[in-house]
Amino acid sequence: MTVTILPDARWPHAFATAAFLAASIPQAVLNAQGLESPETVDRIVGSQVNQEEAKATAEIGKVSSAIDRTRENISTVRKTSKLDKVDIVFLTDAARSEGGPPPVIENKVRQHQDDVAELRKEIEANALLFNAIDSRRVLAEDVLAVEFDDPGKIVIYAAAKPPG
């Protein structure tokens, strides 16, 4: 006696549903932990995350210098697994809703566009830094530059406005 099992049309749908659920669990866990809570962010990131607002026009020197050092900062971002402090500087007048960065910074970003794109990818791949910017609703594509001021401290310059 031979038993033939005919394919069931529901299997592809069941597989797709299982894949979707598996992919959405990490985000559900983060949402359940409430990334709005500073204590939770500090626990997940393992570092104190601070934010400040500044005008890009007032920070042109610092941001331009940091953009010039993007190539060397990429390898530091790649190696970073622990920081004492993460400072996110919101350059509010450089946000897309405000027309983007001032020409001086925009030109610097354009000059180093490949390095800036690679830096953004490294930030997305670094769990500590990604969770730090994500906790403040910063997209990696809004990061203009990073600066490692002191050992254990990073400053992230973002062309964005703070949440809320």
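Which strands does helix H3 (residues 60–68) lie across? The close-up views below, all taken from a predicted model, take up this question together with the surroundings of the helix.

**View 1. Helix H3 on the sheet.** Helix H3, formed by residues 60–68, lies across strand E2 (85–91), E3 and E4, and its direction runs at about 85° to that of E3. Helix H7 (residues 127–135) also packs on the sheet, where H7 touches E1, E2 and E4 and makes an angle of about 45° with the direction of E2.

**View 2. The open sheet and its edges.** The sheet is open and consists of 4 strands in the order E1-E2-E4-E3, with mixed pairing. Strand E1 (48–54) and strand E3 (143–147) stand at the edges and have a single partner strand each, so one side of each is left without a neighbour in the sheet. On average, and with direction ignored, neighbouring strands of this sheet are turned by 20° against each other.

**View 3. The pairing of E3 with E4.** Strand E3 and strand E4 (residues 153–158) run antiparallel and are joined by 4 bridges. Within this pairing, Val 146 has Ile 156 of E4 as its bridge partner.

**View 4. The buried and exposed sides of H3.** Val 63, Ser 64, Ala 66 and Ile 67 are the buried residues of H3. Because they cover an arc of only 160° around the axis, these residues lie on the same side of H3. Gly 61 and Lys 62, by contrast, are exposed on the other side of the helix. The partners against which the buried residues of H3 pack are helix H4 (70–79), E2, H5, E3 and E4, so that helices as well as strands of the sheet surround this side of H3.

**View 5. Lys 108 and Asn 107 of helix H5 beside H3.** Lys 108 has its place in helix H5, and with a relative accessibility of 19% this lysine counts as buried, since the cut-off for a buried residue is under 20% relative accessible area. When residues up to four places away in sequence are not counted, Lys 108 touches Ser 64, Ile 67 and Asp 68; of these, Ser 64 and Ile 67 are among the buried residues of H3. Asn 107 also belongs to helix H5, which spans residues 103–111, but Asn 107 is partly exposed, with a relative accessible area of 37%. Although Asn 107 and Ser 64 are 43 residues apart along the chain, their C-alpha atoms are separated by 9.5 Å.

Definitions and conventions. Residues are numbered from 1 along each chain as its sequence is written. This is a predicted model: local features need pLDDT of at least 70, side-chain atom pairs count only at pLDDT 80 or more; totals for chains, interfaces and linings use all residues. Side-chain values use heavy atoms; hydrogens and water are left out. Two strands pair if DSSP finds at least two bridges between them. Helices (H or I, at least four residues) and strands (E, at least two) are DSSP runs, numbered from the N terminus. Axes are lines fitted to C-alpha atoms, for helices over the stretch in contact, and angles run from 0 to 180 degrees between N-to-C directions. Contact means heavy atoms within 4.5 Å. Buried means under 20% relative accessible area, exposed over 50%, partly exposed in between (1.4 Å probe, protein chains only). The arc is that of the directions from the helix axis to the C-beta atoms.
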